[in-house]
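Please find below a colleague's note, arranged as numbered points. The topics are strand pairing, aromatic pairs, charges over rings and one loop residue.

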Amino acid sequence: MRKNTLKEIWARGGAVLNGWCSIPSSFSAEIMAHQGFDSITIDMQHGLVDYQVAVTMLQAISTTPVIPLTRVPWSDPARLMKILDAGSYGVICPMINTPEDAEALVGACKYPPWGFRSFGPIRAKYYGGGATHGGGDYHTFADEETLVMPQIETRQAIGNLDSILEVRGIGAIYIGPSDLSMALGKEPRKGQRDPEVIEAMETILAAAKRRGVPAGIHTNSADVAVEMIERGFQLVSLQSDDRFLMGRAKAEVDEVRSGLSQAGGGGAP
């Protein structure tokens, strides 16, 4: 089976640079996958991506060595099994608040006797398992190579953090700073620098480190991504394709308008 290189990076003590795709486009995903990320996450929770488009995005990412991940909308066994069958090498799942939530999440992602994932890796056996004539070894190694990552983003989850981390099969955890900020009564973006939010992030990170579980986090700039890696996070997501598009387009438009203004041209021709 194709190796999950993220696990190899973590085994060396390194950090994973993760891209984020919210635009429902295989071309956008392909462009992102060629930019040097270690992994790309297809966002099916807040992104505009449904299952059929997600499959084409997974296919586009597979033109590169980049590891494909997916953030699912919820801990729904049907959605979890289906996206893994499509070839995602890991899932990020929101709102995991209790060890029971974590156990159900892991169970849906692991084959029996460990879990209750149904057998039928329709695309995964080709992408991950080297299937020929219906063969391949995907099902033999999938439990080991695919990642299960619960999001820790509520007061309840922080209160249950130790017991969540003890659930066998949790490959990493992930922090969504905006949801965490709102859970603590702060603004979803501006509140991320609030001392209480920072303390909660450090509490989550420290607990993960005690148990040898990599912790990931969403960031909104390269500077913040570097800061989070220096703090000890081992996976950082760097903005998203829509924000890259918005930011660069806005910068170019502003530069043109500024140039015209300085030249006395007034507005765009």
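1. Two strands are taken to pair if DSSP finds at least two bridges between them. The model under discussion is predicted, and this criterion is applied first to strand 8. Strand 7 (residues 215-219) is joined to strand 8 by 4 bridges, and the two run parallel. Within this pairing, H218 has S237 of strand 8 as its bridge partner. The connection from strand 7 to strand 8 passes through helix 12 (residues 222-231), forming a right-handed β-α-β crossover.

2. Strand 8 also pairs with strand 1 (residues 16-21): 3 bridges join them, again in a parallel arrangement. Here L235 of strand 8 is the bridge partner of V16. As to burial, strand 8 (residues 235-238) is covered on both faces, with L235 and S237 buried on one side and V236 and L238 buried on the other.

3. How many aromatic pairs does the structure hold? There are 3 aromatic pairs. One of them joins Y89 and Y127: the ring centres are 5.5 Å apart and the planes stand at 80°, so the pair is classed as edge-to-face. Because Y89 belongs to the loop between helix 4 (77-85) and strand 4 (90-93), whereas Y127 belongs to helix 6 (residues 124-127), the pair ties together parts that are 38 residues apart in sequence. Y89 and Y127 are both buried.

4. Another of the pairs is formed by Y111 and F119, with ring centres 6.0 Å apart and planes at 50°; the pair is therefore tilted. Is each partner buried or exposed? Y111 is buried, at 5% relative accessible area, whereas F119 has 59% relative accessibility and so counts as exposed, the cut-off being over 50%.

5. Charged side chains over rings also merit attention. The charged end of K82 sits over the ring of Y51, at 4.7 Å from the ring centre. R168 lies over the face of W114, at 3.7 Å from the centre of that ring.

6. Finally, where does F116 lie? F116 is placed in the loop between helix 5 (99-109) and helix 6. Its relative accessible area is 44%, so F116 is partly exposed. When residues up to four places away in sequence are not counted, F116 touches P77, M81, A104, G107, A108 and K110. By contrast, L260 is 144 residues from F116 in sequence, and their C-alpha atoms are 63 Å apart in space.

How values were computed
Residues numbered from 1 in each chain as written. Predicted model: local features only at pLDDT ≥ 70, side-chain atom pairs only at ≥ 80, totals over all residues. Heavy atoms only, no water. Phe/Tyr/Trp six-rings, centres within 6.5 Å; stacked < 30°, edge-to-face > 60°. Buried < 20%, exposed > 50% of the residue type's maximum accessible area, 1.4 Å probe, protein only. Lys NZ or Arg CZ within 6 Å of the ring centre and 35° of its normal. Right-handed = clockwise from strand over helix to strand, strands pointing away. Contact = heavy atoms within 4.5 Å.
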